[in-house]
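Let's take a friendly walk through this model, one region at a time. Keep the structure open beside you as you read.

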Amino acid sequence: MNERLWGIYEQLCLVEMRGLDEFVRRVKGSEFGDFSRDDVITFLREIEANMLDNIQTKAMEHHVYAEMADEVSEETQKMFDELIEEFERA
């Protein structure tokens, strides 16, 4: 995982509670320096994978979560696809 991107993500999304859309917009705008397209997309896919793993973990913990897991997983995947599309737009 790209440590610089992780630090930015951690500060914006986990500490300041900003959305991933803001994270992508600000990284795309080079506010934190330059990152390669591949580094950002790889990083976003890693975060997505972590979120999907967390959804499955929750699904195993309680039947209510299990009932919602497929829908929430699909929404999460769609969100990341849209974030990556936004990042790739010139």
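## Starting from Tyr 9

A good place to begin is Tyr 9, which touches Leu 14, Leu 20, Phe 23, Phe 43, Ile 47 and Met 51 once residues up to four places away in sequence are set aside. The model is a predicted one, and in it Tyr 9 is found in helix H1. With a relative accessible area of 8%, Tyr 9 is buried, because anything under 20% falls in that class.

Try drawing a line from Tyr 9 to Leu 44. These two residues are 35 apart along the chain, and their C-alpha atoms are separated by 9.9 Å. Tyr 9 and Leu 44 also both appear among the residues with the most contacts inside the largest nonpolar core.

## The overall fold

Now zoom out. The protein chain has 4 helices and 0 strands, and reading along the sequence gives the pattern α-α-α-α. Its C-alpha trace spans about 45 × 25 × 20 Å along the principal axes.

Of the 90 residues in the protein chain, 31% are buried. If you take the contacts between residues at least 6 apart in sequence, 64% of them join residues at least 24 apart.

## The nonpolar core

Which residues have the most contacts inside the largest nonpolar core? They are Leu 5, Tyr 9, Leu 20, Phe 23, Val 27, Val 40 and Leu 44, in a core of 19 residues. At least two residues of this core come from each of helix H1 (3-15), helix H2 (20-28), helix H3 (37-61) and helix H4 (63-88).

Leu 5 is worth a click of its own. Leaving out neighbours within four places in sequence, Leu 5 is in contact with Phe 23, Val 27, Phe 35, Asp 39, Val 40 and Phe 43. Phe 23 and Phe 43 are on that list, and Tyr 9 touches Phe 23 and Phe 43 too.

## H1 against H2

Helices H1 and H2 pack at an angle of about 135°, and their axes are 10 Å apart. H1 and H2 are therefore oblique to each other, and their crossing is right-handed.

On the H1 side you will find Leu 5, Ile 8, Tyr 9, Leu 12 and Cys 13, and these meet Leu 20, Phe 23, Arg 26 and Val 27 in H2. Sorted by class, this contact has 8 nonpolar, no polar and 1 charged residues.

## H2 against H4

Next, turn to the pairing of H2 with H4. The angle here is about 20°, and the axes are 10 Å apart. That makes H2 roughly parallel to H4, and H2 passes H4 in a right-handed crossing.

In this contact, Leu 20, Asp 21, Val 24, Val 27 and Lys 28 in H2 meet Met 79, Phe 80, Leu 83, Glu 86 and Phe 87 in H4. By class, the contact of H2 with H4 has 7 nonpolar, no polar and 3 charged residues. Leu 20 and Val 27 take part here, and Leu 20 and Val 27 also meet residues of H1.

## Two residues along H3

Is Glu 48, in helix H3, buried or exposed? At 8% relative accessibility, Glu 48 counts as buried. Apart from neighbours within four places in sequence, Glu 48 is in contact with Thr 76, Gln 77 and Phe 80. Phe 80 is one of the H4 residues that meet H2.

Its sequence neighbour Ala 49 is also found in helix H3. Ala 49 is partly exposed, with a relative accessible area of 35%. From Ala 49 to Asp 39 the separation is 10 residues in sequence and 15 Å in space, C-alpha to C-alpha.

## Backbone details in two loops

Finally, have a look at the loops. Most residues other than glycine have a negative phi. Met 17, in the loop between H1 and H2, has a positive phi of about 60° although it is not a glycine. Met 17 counts as exposed at 65% relative accessibility, because the class begins over 50%.

Ser 30 sits in the loop between H2 and H3. Ser 30 is not a glycine either, and its phi is positive at about 60°. With a relative accessible area of 35%, Ser 30 is partly exposed.

Methods:
Residues are numbered from 1 along each chain as its sequence is written. This is a predicted model: local features need pLDDT of at least 70, side-chain atom pairs count only at pLDDT 80 or more; totals for chains, interfaces and linings use all residues. Side-chain values use heavy atoms; hydrogens and water are left out. A nonpolar core is a set of buried Ala, Val, Leu, Ile, Met, Phe, Trp, Tyr and Cys residues joined through side-chain atoms within 4.5 Å. Buried means under 20% relative accessible area, exposed over 50%, partly exposed in between (1.4 Å probe, protein chains only). Contact means heavy atoms within 4.5 Å. Axes are lines fitted to C-alpha atoms, for helices over the stretch in contact, and angles run from 0 to 180 degrees between N-to-C directions. Angles under 35 degrees count as roughly parallel, over 145 as roughly antiparallel, 65 to 115 as roughly perpendicular and the rest as oblique. A crossing is left-handed if the near helix is turned anticlockwise from the far one by less than a right angle, and right-handed if clockwise. Ala, Val, Leu, Ile, Met, Phe, Trp, Tyr, Cys and Pro count as nonpolar, Asp, Glu, Lys and Arg as charged, and the others, Gly among them, as polar.
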